[in-house]
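The exercises below ask the reader to work from a model to a description of its pockets, cores and backbone. Each task is followed by a solution that goes step by step.

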Amino acid sequence: MRSYLIRRIILIVPVLLGVTFLIFAITQLFDPYMRASLYIRDPRQAKNIESIIRKYGLDQPFYIQYFRWLDQVLRGNLGWSQSAHMPVLKALITYFPATAELALYAIPLTLIAGIFLGKIAAVKKDTAVDHATRVMAIIGWSLPSFWLGIVLLAVFYGGLGIFAPGRLSVWAENLVLSGKFRIYTGLYTIDAILNLNWPVFLDALSHLVLPVATLVIINVAILMRVMRSSMLEQLNKTYVIAARARGLDEKTVIDKHATKNALIPVITLSGLLTAGMLSGMVITETVFEFKGVGYFAAHAATQLDIPAVLGFALFAGILFVIANLIVDILYAYIDPRIRLG
C-alpha cells in the first residue's frame, strides 16, 4: 500500500503541471494587454501596463511566458480581480468558506442518502420500493438546479417567509462583523458553535436549508442510480451465490460482500461530486445569494474579469486532481488487486 501511495503522489505532479499548461494556453487567446492583468497585484499598477508587458515578457515566445507565469502562480500571484477589488488568491480565500460550508452539509447527506437508497432499491428489485426510488431518481436528475432553487425560494421564503437567501440575516451579519463575534473558520455555523452563540448558529443553519436541499435532491438522484446498477451487478455474481450457498445470512451477504464491491464505481462519482461542490456551485450559489467561490466566478465572468476566471479554473482543476488521487487511494483500500496493478 505504501509503494502504491508513493507512486500515485509522484504521478500527481505531472498532472498538475498539465492542468497549469492547459489553463495558461487559454490565456494566449487574449492580447498582451489583457494577459498583463494576470500580473497586477494592485490596481495602481494598471497605469504602467506597458512596463508590465516588458517585465514579464508577454511578447516573448510561448514557453518563456509559461514558465514566468508558473513562477508567479507558485508565489501565490494569480493577478488582480477587478470584480472583487482584491488579488485573485485573496478573493478565492475570502469566498471559499461559504462554499465549504455548503459542501460540509450537502456532501454527507448526498453520499448517505444516495448509497442507502440505491442499495435498498437493488435489494428490493421490482418491488414498490424499487419503483418509487427509480421515479425519484428520474425526477431529481431531470430538474434544472436553477428551477428547483427558484421553486423552493418561492414556496418557503416567498410563501411561508422562512429560509431566506444569503448566508445570514441582517441582524446576524451585523453581529458577526461587529468585532464581538470571533471568526475562526469563516464557516458561520462552526464559528457560532465555537463562540457559543446559538442564535447565530440557528440563523446560519436556516439559510443553509434550501441550497443544501437543492444540491442533495439533484445529486442523490444520479448517485442512487449508479449504486443501484452496481449493486444489482454484484448480487448476480458467483461469489454472492456461493456465499448464500454456504449458509450465510442475507444481511452478511449484502453488507460484507456485495456492498463493498458495489462501492467502487460509486466512489468515482462521489469524488467528482465532492470536487464539484468544493470548487463552487455556480448556479445554486447565485440563485440563493450564497456568496461562495461559484458566486465569485459567475460574477467575474459577467464582468469579463479574466484573472479571476483563470484563477477559479486553476483552483477547480487542482481540486479535481486531488479528488482523483483520493479516489485512487480508496480504490486500493477497497480492492487490494488495484495496488498490484
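**Exercise 1.** Determine how the residues that line the largest pocket divide by chemical class, and which elements supply them.

*Solution.* Start with the classes, in which Ala, Val, Leu, Ile, Met, Phe, Trp, Tyr, Cys and Pro count as nonpolar, Asp, Glu, Lys and Arg as charged, and the others, Gly among them, as polar. On this division the lining of the largest pocket holds nine nonpolar, four polar and four charged residues. A pocket, on a 1 Å grid over the protein atoms alone, is an open set of points where a 1.4 Å probe fits, with protein on both sides within 12 Å along at least five of seven lines, and lining residues have an atom within 4 Å of a point. Next take the positions: the lining comprises 17 residues, and Arg-167, Glu-173, Tyr-188, Glu-289 and Lys-291 lie nearest the centre of the pocket. The elements giving two or more residues to this lining are α5 (88-123) and α8 (170-177), where helices (H or I, at least four residues) and strands (E, at least two) are DSSP runs numbered from the N terminus. The largest share, four residues, comes from α5. Finally, the space in this pocket is about 500 Å³, a volume being the space filled by probe spheres set on the points, with grid points joined across faces, edges and corners.

The model is a predicted one, in which local features need pLDDT of at least 70 and side-chain atom pairs count only at pLDDT 80 or more, while totals for chains, interfaces and linings use all residues. Residues are numbered from 1 along each chain as its sequence is written, and side-chain values use heavy atoms, with hydrogens and water left out.

**Exercise 2.** Describe the second largest pocket by its volume, its central residues and the division of its lining.

*Solution.* The second largest pocket holds about 290 Å³ of space. Of the 17 residues in its lining, Leu-111, Ile-267, Ser-270, Gly-271 and Leu-330 are the closest to the centre. Two or more lining residues come from each of α5, α12 (250-278) and α15 (306-334), and α12 gives the largest share, eight residues. By class, the lining of the second largest pocket has 14 nonpolar residues, three polar and no charged. Helix α12 also carries a kink of about 45° centred on Thr-259, the bend at a residue being the angle between axes fitted to the seven residues ending there and the seven starting there. Just after α12, Gly-280 takes a positive phi of about 110°.

**Exercise 3.** Identify the residues with the most contacts inside the largest nonpolar core, and the elements that build this core.

*Solution.* A nonpolar core is a set of buried Ala, Val, Leu, Ile, Met, Phe, Trp, Tyr and Cys residues joined through side-chain atoms within 4.5 Å. Buried means under 20% relative accessible area, exposed over 50%, and partly exposed in between (1.4 Å probe, protein chains only). The largest such core has 29 residues, and Trp-69, Leu-92 and Phe-296 have the most contacts inside it. Elements giving two or more residues to this core are α1 (2-27), α4 (62-74), α5, α14 (293-302) and α15, with the largest share, nine residues, coming from α15. Another core, of 16 residues, lies apart from the largest one and includes Ile-107, Ala-221, Met-277 and Met-281.

**Exercise 4.** Is Asp-130 buried or exposed, and which residues does Asp-130 touch?

*Solution.* Asp-130 is found in helix α6 (residues 128-142) and is buried, with a relative accessible area of 0%. Leaving aside neighbours within four places in sequence, Asp-130 is in contact (heavy atoms within 4.5 Å) with Ala-121, Lys-124, Lys-125 and Arg-228. Ala-121, in helix α5, is likewise buried at 0% relative accessibility. Beyond four places in sequence, Ala-121 touches Asp-130, Thr-133 and Arg-228.

**Exercise 5.** Where do His-85 and Leu-196 lie?

*Solution.* His-85 lies in the loop between β1 (80-81) and β2 (86-87), and has a positive phi of about 60° although it is not a glycine. At 61% relative accessibility, His-85 counts as exposed. Leu-196 is found in the loop between α9 (188-194) and α10 (198-235), with a positive phi near 55°, and is exposed, with a relative accessible area of 63%.
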